[in-house]
Amino acid sequence: GTLRRDFRHMRIDIKKVGKNKLLVEKWFAIYKELAATRTVCSHIENMFKGVTKGFKYKMRSVYAHFPINIVCSQDNTYVQIRNFLGEKYTRDVRMLPGVTCQPSEKQKDEFIFQGNDIELVSRSAALIHQSTKVKNKDIRKFLDGIYVSEKGHVEED
């Protein structure tokens, strides 16, 4: 796959040095600009890892009484959440581009989100998590929801 990202907002030089090396330079920088340069390097490393290995988030549904029903549809890019806290309301979450959702064969109430871009995969998982936040109740008692249980790569080393 391919990933594109624009770093024009940063005043940095990115050069290809050798076959497998990039050089990221920042001239006459103050401390915060150097920290931002390191962030750009981390983004580039994550893009390499995403294209070569891919990113995978596993999410588990946790409930005390009412079982949460989760359905992936429309080529695994659309998630419907039903029966959360016994409510009749259906929560619909569309995955961000390039992210797919599929139920786990090994574990009950577990779903796997995969994609090349770590930001899109993590934001899709966050959208699912935020859609099942408990409102107007004591969150220490009502722990129902869908939580990230594992983060990793699609192709393990």
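Let's start with one residue, Ser61. Ser61 sits in strand β3. Keep in mind that this is a predicted model. Is Ser61 buried or exposed? Ser61 counts as buried because its relative accessible area is 8%, and buried means under 20%.

What does Ser61 touch, once residues up to four places away in sequence are set aside? Its contacts are Ile68, Ile70, Asp109, Gly145 and Ile146. Take Asp109. Ser61 and Asp109 lie 48 residues apart in sequence. In space, their C-alpha atoms are 5.5 Å apart.

Now widen the view to the strand. β3 covers residues 55–62. Six of its eight residues are buried, so β3 is largely enclosed by the rest of the structure.

What encloses it? Look at the sheet. β3 belongs to an open sheet of four strands, in the order β7-β8-β3-β9. The pairing is antiparallel. At the edges are β7, residues 100–103, and β9, residues 145–153. Each of those edge strands pairs on one side only. On average, neighbouring strands in this sheet are turned by 25° against each other, ignoring direction.

Let's take the two partners of β3 in turn. On one side is β8, residues 110–115. How many bridges join β3 to β8? Six, and the two strands run antiparallel. Here are two of the pairs. Tyr57 has Phe113 as its bridge partner in β8. Met59 has Phe111.

On the other side is β9. β3 and β9 pair over eight bridges, again in the antiparallel sense. One example is Lys56, whose bridge partner in β9 is Gly152.

Next, the helix over the sheet. Helix α2 spans residues 118–131. It lies across β3, β8 and β9. Relative to β3, helix α2 runs at about 10°.

On to empty space. Rolling a probe the size of a water molecule over the atoms shows where such space is left. Searching the whole structure for cavities of 30 Å³ or more turns up one. The largest cavity has a volume of about 40 Å³. Which residues line the largest cavity? They are Ile70, Val79, Ile81, Cys101, Phe111, Phe113, Ile128 and Ile146. You have met some of these names already. Phe111 and Phe113 are the bridge partners of Met59 and Tyr57. Ile70 and Ile146 are among the contacts of Ser61. β8 supplies at least two residues of this lining, and so does β5, residues 78–82. By class, the lining has eight nonpolar residues, no polar ones and no charged ones.

Now the largest pocket. It holds about 160 Å³ of space. Its lining is Lys56, Lys58, Gln102, Ser104, Glu105, Lys106, Glu110 and Ile112. Lys56 is back, the residue bridged to Gly152. β3 and β8 each contribute at least two residues to the pocket lining. How does this lining divide by class? Five residues are charged, two are polar and one is nonpolar.

Last stop: Thr37. Thr37 is in helix α1, residues 31–52. With a relative accessibility of 8%, Thr37 counts as buried. Leave aside its neighbours within four places in sequence, and Thr37 is in contact with Met10, Ile12, Val24 and Lys26.

To recap. β3 pairs with β8 over six bridges and with β9 over eight. Helix α2 lies across these three strands. The largest cavity has a nonpolar lining, and the largest pocket has five charged residues in its lining.

How values were computed:
Residues numbered from 1 in each chain as written. Predicted model: local features only at pLDDT ≥ 70, side-chain atom pairs only at ≥ 80, totals over all residues. Heavy atoms only, no water. Pairing = 2+ DSSP bridges. Axes fitted to C-alpha atoms, helices over the stretch in contact; angles between N-to-C directions. Contact = heavy atoms within 4.5 Å. 1 Å grid on protein atoms, 1.4 Å probe; cavity = no way out; pocket = protein on both sides within 12 Å on 5 of 7 lines; lining within 4 Å. Points joined across faces, edges and corners; volume = space filled by probe spheres on them. Nonpolar A, V, L, I, M, F, W, Y, C, P; charged D, E, K, R; others polar. Buried < 20%, exposed > 50% of the residue type's maximum accessible area, 1.4 Å probe, protein only.
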